[in-house]
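The report below walks through one protein chain, from a single strand residue out to the fold as a whole. Please keep the sequence and the model at hand while reading.

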Amino acid sequence: MRKWIIVMALALIAGIIAACGGTPGSSGGGGAESAATVETSAADAGNPFAKYGDITLEVWSADNQDPGPMPVIKNIAAEFEKKYPNVKINLTFKGFSDYIKVVKLALASDKAPDVAEGNQGWQIDGALVKSKLILPLTDQMSQGWDQWYTPDTFQQFQWADDGSKFGEGTTYGVGQFGQSTGIFMNMKKLNDAGVDPTTWKTFDDFQAALKTLRAKLPADEPVINLGNKDGYEIVHAWGMLQGAYNSDPQAIRDWVFQKDGATFDTPENIKSLQVLQEWVKAGYFGKNFNAVGENDAAAAFAKGTGALYMGGNWQAGVVKEGLGADAAFMNSPPGASGKHIAIGSTSLPWHISSKSKYPDVAAAFIAMLIDGEGTAQMMYDQVQIPAVQSAPQPEGDAYLGQVATGWQQLVQDGGLTLFPDWSSPSMFDTMGAAFQKLAAGSATPEEVAKALQDDWQKFHDTLQ
């Protein structure tokens with residue numbers, strides 16, 4: 001069992017939360033007594049934060065991609081400063097790998113940021129909750145935040161207050177972007193092969209189309225362009241097979257959440273692994289997919305390699321830029337359940353630091369990041385998908401509309417299975433190695449299922 005340092009007493013946390021309001025209209029006292037106060041003028045009448053005087057909100061993010069999420073966050077920060085002129089937003093961006101290494105230390109320090117992204121799963125968010133470094137969002141949930149996502153989607157932000165349980169309990173974060181996996185299509189190649197994706201009503205229809213494409217494309221060209229050098233993209237593609245052969249996405253999420261009795265070693269998962277191995281043998285992924293990285297594979301698909309790309313919607317901009325009018329997107333067709341089920345989650349969760357002097361200001365900034373006026377269009381302008389279920393469809397861009405529909409379809413079907421490596425601190429490495437053995441034919445589906453469950457159980461035993 002890991003040992004954690006409790007950095008704040010529960011009573012202090014409760015006091016801060018009681019003072020914390022989640023909307024721009026909240027009186028939110030947290031830290032007001034230590035901030036400079038100014039006489040409210042007529043110009044400040046619509047600014048509940050004017051009472052603090054000039055303040056700076058420190059905000060940390062791992063979304064440093066441009067084009068991508070970073071311009072959205074910068075634009076929203078500028079809009080927030082315009083709306084609340086006494087508040088300066090100081091943004092700090094880091095690359096994901098570097099960010100994950102330092103975010104826990106940063107939030108535990110005396111100079112903790114007021115707002116910071118975490119990461120779903122036991123390693124980051126579980127540690128932040130257990131160490132009382134982030135505030136529960138209970139008040140904000142009662143002020144409309146509970147309408148942003150479906151109950152299934154909210155599970156990825158929920159924890160027991162002592163950090164001992166994941167996927168249930170109190171909400172501690174909210175995500176900005178919808179990030180799911182699906183099928184990108186090169187419509188020119190599909191049309192040339194006489195394949196019509198509008199006829200893919202079931203996963204069996206999709207499998208039949210793969211056989212047709214394999215027969216029509218050159219032998220040295222993959223049907224599905226894939227880059228598995230880092231060990232995870234074949235897992236993302238497999239998640240669509242898992243969804244086709246499983247009828248209960250909650251059971252998949254329960255395994256991610258380390259719920260008692262959950263198991264990976266099921267007939268449905270073994271069947272999906274078997275089909276994946278058959279796809280490899282049939283040459284659907286080509287021959288060199290383990291030597292190519294995800295981003296390189298997406299770029300190659302955008303330049304015309306392969307008829308399909310099964311991956312994350314975060315590659316939508318790359319595909320659009322390369323294929324133009326030939327780019328299309330859809331979710332993997334459902335299996336017998338009739339539900340769209342695939343790997344996906346929101347982007348990194350935004351948290352309010354338990355050390356912030358201005359938790360009400362922090363909450364207002366997060367609200368603007370997630371569901372502010374015009375926020376959805378800012379996201380679409382950067383080919384990012386809003387996570388909230390009330391987001392409008394993008395106007396004038398059929399392709400981006402397909403990607404947005406893919407996210408909403410998965411959400412409404414309760415089909416987001418999250419990312420399987422969240423299930424244990426070592427699962428990413430275990431799963432990557434096991435799937436590479438599966439693809440190489442040196443491990444059976446049954447052996448892979450057992451290896452993953454053994455890793456899961458080893459961590460589960462530490463949680464008891």
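Contact means here that heavy atoms lie within 4.5 Å of each other. The model is a predicted one, and a convenient place to enter it is T56, a residue of strand β1. Leaving out residues up to four places away in sequence, T56 touches K88, N90 and D114. T56 is partly exposed, since its relative accessible area is 35%, a value that lies between the limits of 20% for buried and 50% for exposed. Between the C-alpha atoms of T56 and W122, which are 66 residues apart along the chain, there is a separation of 31 Å.

W122 leads to helix α4, which spans residues 122-130 and is mostly covered, with seven of its nine residues buried. The buried residues of α4 are W122, I124, D125, G126, A127, L128 and V129. These residues pack against α3 (96-108), β4 (158-159), α10 (249-256), β12 (349-352) and α18 (445-462). After α4 comes K132, a residue with a positive phi near 60°.

**Backbone features**

Most residues other than glycine have a negative phi, and most peptide bonds are trans. Against that background, the table sets out two residues in loops whose phi is positive, together with their surroundings.

| Residue | Phi | Loop between | Relative accessible area |
|---|---|---|---|
| V383 | near 55° | α15 (375-381) and α16 (398-412) | 17%, buried |
| L418 | about 65° | α16 and α17 (427-440) | 2%, buried |

V383 counts as buried because its relative accessibility of 17% falls under the cut-off of 20%. A further backbone feature concerns the peptide bond from D66 to P67, which is cis, with omega near 5°. P67 itself is found in the loop between β1 (55-61) and α2 (69-83), and β1 is also the strand that holds T56.

**The nonpolar core**

Which residues touch the most other members of the largest nonpolar core? They are L57, F80, W279, L308 and F435, in a core that has 140 residues. The largest share of this core, ten residues, is contributed by helix α14, which covers residues 359-371. For L308, once neighbours within four places in sequence are set aside, the contacts include I183, F184, M185, L190, W200 and F206. L308 is also in contact with L210, L213, V223, I224, N225 and F301.

**The chain as a whole**

The chain contains 18 helices and twelve strands. Its C-alpha atoms, taken along the principal axes, fill a box of roughly 75 × 50 × 35 Å. The radius of gyration of the chain is 23 Å, which agrees with the value near 23 Å that a compact globule of 464 residues would have. Of the contacts with a separation of 6 or more, 76% are between residues 24 or more positions apart.

Buried residues make up 58% of the 464 residues in the chain. The accessible surface comes to about 18,600 Å², and 51% of this area belongs to carbon and sulfur atoms. As for charge, the chain has 34 positive and 52 negative charges, and the mean positions of these two sets are 6 Å apart.

Conventions
Residues numbered from 1 in each chain as written. Predicted model: local features only at pLDDT ≥ 70, side-chain atom pairs only at ≥ 80, totals over all residues. Heavy atoms only, no water. Core = buried A, V, L, I, M, F, W, Y, C linked by side-chain atoms within 4.5 Å. Buried < 20%, exposed > 50% of the residue type's maximum accessible area, 1.4 Å probe, protein only. Helix = DSSP H or I, 4+ residues; strand = E, 2+ residues; numbered from the N terminus. Rg over C-alpha atoms; globule rule 2.2 N^0.38 Å. Areas by Shrake-Rupley, 256 points an atom, 1.4 Å probe, with all protein chains shown as cover. Lys, Arg positive; Asp, Glu negative; His and termini not counted. Charge placed at Lys NZ, Arg CZ, Asp CG, Glu CD.
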